[in-house]
Amino acid sequence: MEPAARKWPGQGVLARALLLGVAALALRLLYGAFVAVGGGWAPYPAVPATAAVDFHAEVLGRHLADGLLDTSSRAVCLGGAQEALALRELGVSGAVAVSKKRSPPLAVAGDDRRLPFPAASVDFVFAGRALDSSKRPADLAGEAARILKPEAHLVVLTSSAGDAYSHSSLQALFPSLRLVRSREINGPDAPTLRELVFQKLHATPASTTTDNSANNCTIGDHKLQLLTHAEPLIQEEPLKPWLTLKRNIQNIKYLPELANISFKRRYVYVDVGARSYGSSIGSWFRKQYPKQNHTFDVFAIEADPAFHPEYATRKGVTLLPYAAWVKNETLNFEINGDPGKEDEAKANGHGMGRIRPSAGKKMSGKVRSVPAFDFAEWLKQTVSEQDYVVMKMDVEGTEFDLIPRLFDTGAICLVDEVFLECHYNRWQKCCPGERSPKYPNTYEECLELFSSLRESGVLVHQWF
């Protein structure tokens with residue numbers, strides 16, 4: 001009988017290493033085939049597959065070392081199969097990616113609106129740059145938070161949160177998570193990426209965005225920083241306001257020119273005192289406002305029934321045929337001329353309109369009774385802090401009632417950018433040396449209104 005062959009002490013270790021190497025090679029080959037057939041999302045289109053895997057292994061290895069996950073964690077990757085492959089090479093054998101098409105063992109089928117996992121069932125979510133490439137980042141963020149277990153972590157990489165505004169907008173997508181840390185890292189296809197690490201809370205913080213009893217709000221530093229780049233207010237009263245204010249549009253610094261607005265649930269434009277479709281919605285907002293390729297829901301608030309019929313044929317515009325006011329009631333609506341706007345009034349067949357309570361002063365023009373609604377409360381019921389809201393207001397003097405109401409109710413915090421025409425007893429184009437008798441307020445009061453908005457952190461522009 002021949003003696004048994006002696007085993008080399010390191011033989012078992014070497015065998016396991018070889019098996020791991022073969023498994024890793026097989027996974028990489030599988031990933032290559034997966035990408036070749038177009039099965040996954042591609043947030044790194046210019047980066048070779050192996051480089052993408054190596055990059056994610058380096059990023060995720062730190063979180064593994066820090067204890068945010070371990071090799072037994074149920075980990076879900078939202079940015080592509082290369083992320084799941086990197087985790088598997090790090091020893092997290094249960095890591096999977098979510099893709100448009102199912103491709104076992106690396107990817108399961110899902111989309112931004114529904115991730116195929118039960119609520120609170122996942123130990124670690126790596127979003128990668130999926131929020132950057134998603135057309136519905138708010139939906140994807142909500143799903144990522146839904147599947148995450150309490151106290152579990154979510155990691156986001158982004159190249160779109162380089163300013164305070166977009167950084168805050170991204171954080172707002174995760175109300176049930178708290179930001180643990182944020183840092184800059186070198187990306188494979190971008191100079192720098194921002195990595196944000198979130199942890200899920202046991203309970204979702206109470207929201208004040210739709211609570212009518214919560215009237216106070218705090219405008220964050222991210223909005224205050226925008227004001228440092230805003231165009232200066234016109235301090236001296238213009239002698240020819242119909243020219244000065246119109247020219248001022250060339251100086252306006254639009255918010256989308258100052259910050260990235262991608263991390264919003266939806267995009268809303270509210271035209272208060274819209275008049276005809278072509279007055280500002282069609283002629284200015286849809287043609288000139290920089291939208292960063294986002295589609296806006298448009299609300300036209302106009303009390304004058306003469307303008308209502310044309311909105312029936314305008315797609316994507318919701319008409320509110322009421323007067324914006326501080327409460328729900330019936331008001332008197334005056335149709336009369338507006339000094340400086342005679343040409344526009346003539347083209348429309350009548351003058352501008354203004355609202356006044358029934359107990360207000362005597363009116364000189366044609367008067368109709370119109371229903372009015374509490375604009376601030378409507379705004380609080382219609383939009384949230386996760387929405388991007390632009391408001392244009394041209395309400396023939398009622399701004400001195402509506403703006404304070406927006407502050408009193410906290411609704412002003414829901415508005416990102418305001419274009420306000422302030423009405424005052426300005427010099428008349430028709431009659432040199434004479435002021436308009438139509439409005440009692442002065443330019444100084446208008447300037448005070450604009451200044452108070454900016455001092456409160458509202459990006460407001462002087463409109464004409």
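Helix 13 is a good place to start: its buried residues are Phe375, Ala376, Glu377, Trp378, Leu379 and Lys380. The model is predicted. Helix 13 spans residues 375–382, and 6 of its 8 residues are buried, so the rest of the structure largely encloses it. Its N-terminal end has a cap, aspartate 374. A side-chain oxygen of aspartate 374 lies 3.3 Å from the backbone nitrogen of alanine 376. Alanine 376 is itself one of the buried residues of helix 13.

**The whole protein**

The protein has 464 residues, and buried ones make up 51% of them. Its secondary structure comes to 15 helices and 17 strands. Take the contacts between residues at least 6 apart in sequence: 72% of them join residues at least 24 apart. The protein exposes about 21800 Å². Carbon and sulfur atoms supply 53% of that area.

**The disulfide and its surroundings**

How many disulfides does the structure hold? It holds 1 disulfide. Cysteine 422 and cysteine 446 form it, with their sulfur atoms 2.1 Å apart. The pair links distant parts of the chain, 24 residues apart. Cysteine 422 sits in the loop between strand 16 (417–420) and helix 15 (443–455), while cysteine 446 belongs to helix 15. The link is left-handed, with -85° about the S-S bond.

Are these cysteines buried or exposed? Cysteine 422 has a relative accessible area of 10%, so it is buried. Cysteine 446 is buried too, because its relative accessible area is 2%. Buried here means under 20%. Cysteine 430 is partly exposed, and cysteine 431 also counts as partly exposed. The table sets out the four values.

| Cysteine | Relative accessible area | State |
|---|---|---|
| Cysteine 422 | 10% | buried |
| Cysteine 430 | 46% | partly exposed |
| Cysteine 431 | 25% | partly exposed |
| Cysteine 446 | 2% | buried |

**Aromatic rings**

A search of the whole structure finds 23 aromatic pairs. One of them joins tyrosine 424 and tyrosine 443. Their ring centres are 5.2 Å apart and their planes stand at 70°, so the pair is edge-to-face. The two tyrosines also link distant parts of the chain, 19 residues apart. Tyrosine 424 is in the loop between strand 16 and helix 15, and tyrosine 443 is in helix 15. Both tyrosines are buried. The disulfide also joins that loop to helix 15.

Aromatic residues gather elsewhere as well. One aromatic cluster is formed by Tyr254, Tyr267, Tyr269, Trp284, Phe285, Tyr289, Phe296, Tyr388, Phe419 and Trp463.

Two of its members, Trp284 and Phe285, are buried in helix 10 (residues 281–288). Ile281 and Gly282 are buried in helix 10 too. What covers the buried residues of this helix? The cover includes strand 8 (267–272), strand 9 (297–301), helix 11 (308–311), strand 10 (317–320), strand 15 (388–393) and strand 16.

**Charges over rings**

Phenylalanine 285 has a further partner. The charged end of lysine 291 sits over its ring, 4.9 Å from the ring centre. A second case involves tryptophan 427. Arginine 435 lies over the face of that ring, at 4.0 Å from the ring centre.

**The loop before strand 4**

Another loop runs between strand 3 (107–109) and strand 4 (122–128), and serine 121 has its place there. Proline 118 lies in this loop as well. Which of the two is buried, and which is exposed? Serine 121 counts as buried because its relative accessibility is 12%. Proline 118 counts as exposed, because its value is 51%. The cut-off for exposed is over 50%.

The two residues meet through polar atoms. The backbone oxygen of proline 118 lies 2.7 Å from a polar atom of the serine 121 side chain.

Both residues also reach other parts of the chain. Leaving aside neighbours within four places in sequence, serine 121 is in contact with Arg74, Ile147 and Lys149. On the same basis, proline 118 is in contact with Arg146 and Ile147. Ile147 therefore appears among the contacts of both serine 121 and proline 118. The C-alpha atoms of proline 118 and isoleucine 147 are separated by 6.0 Å, although the residues are 29 apart along the chain.

Note on methods
Residues are numbered from 1 along each chain as its sequence is written. This is a predicted model: local features need pLDDT of at least 70, side-chain atom pairs count only at pLDDT 80 or more; totals for chains, interfaces and linings use all residues. Side-chain values use heavy atoms; hydrogens and water are left out. A disulfide is a pair of cysteine sulfur atoms within 2.5 Å. Helices (H or I, at least four residues) and strands (E, at least two) are DSSP runs, numbered from the N terminus. Buried means under 20% relative accessible area, exposed over 50%, partly exposed in between (1.4 Å probe, protein chains only). A polar contact is a pair of N or O atoms within 3.5 Å; within protein, one must be able to donate a hydrogen and the other to accept it, and residues adjacent in sequence count only if both atoms are side-chain atoms. Contact means heavy atoms within 4.5 Å. Accessible areas come from the Shrake-Rupley method with a 1.4 Å probe; for residues, only the protein chains shown count as cover. Rings of Phe, Tyr and Trp (its six-membered ring) pair if their centres lie within 6.5 Å; planes under 30 degrees apart count as stacked, over 60 as edge-to-face and the rest as tilted. A charge sits over a ring if NZ of Lys or CZ of Arg is within 6 Å of the ring centre and within 35 degrees of the ring normal.
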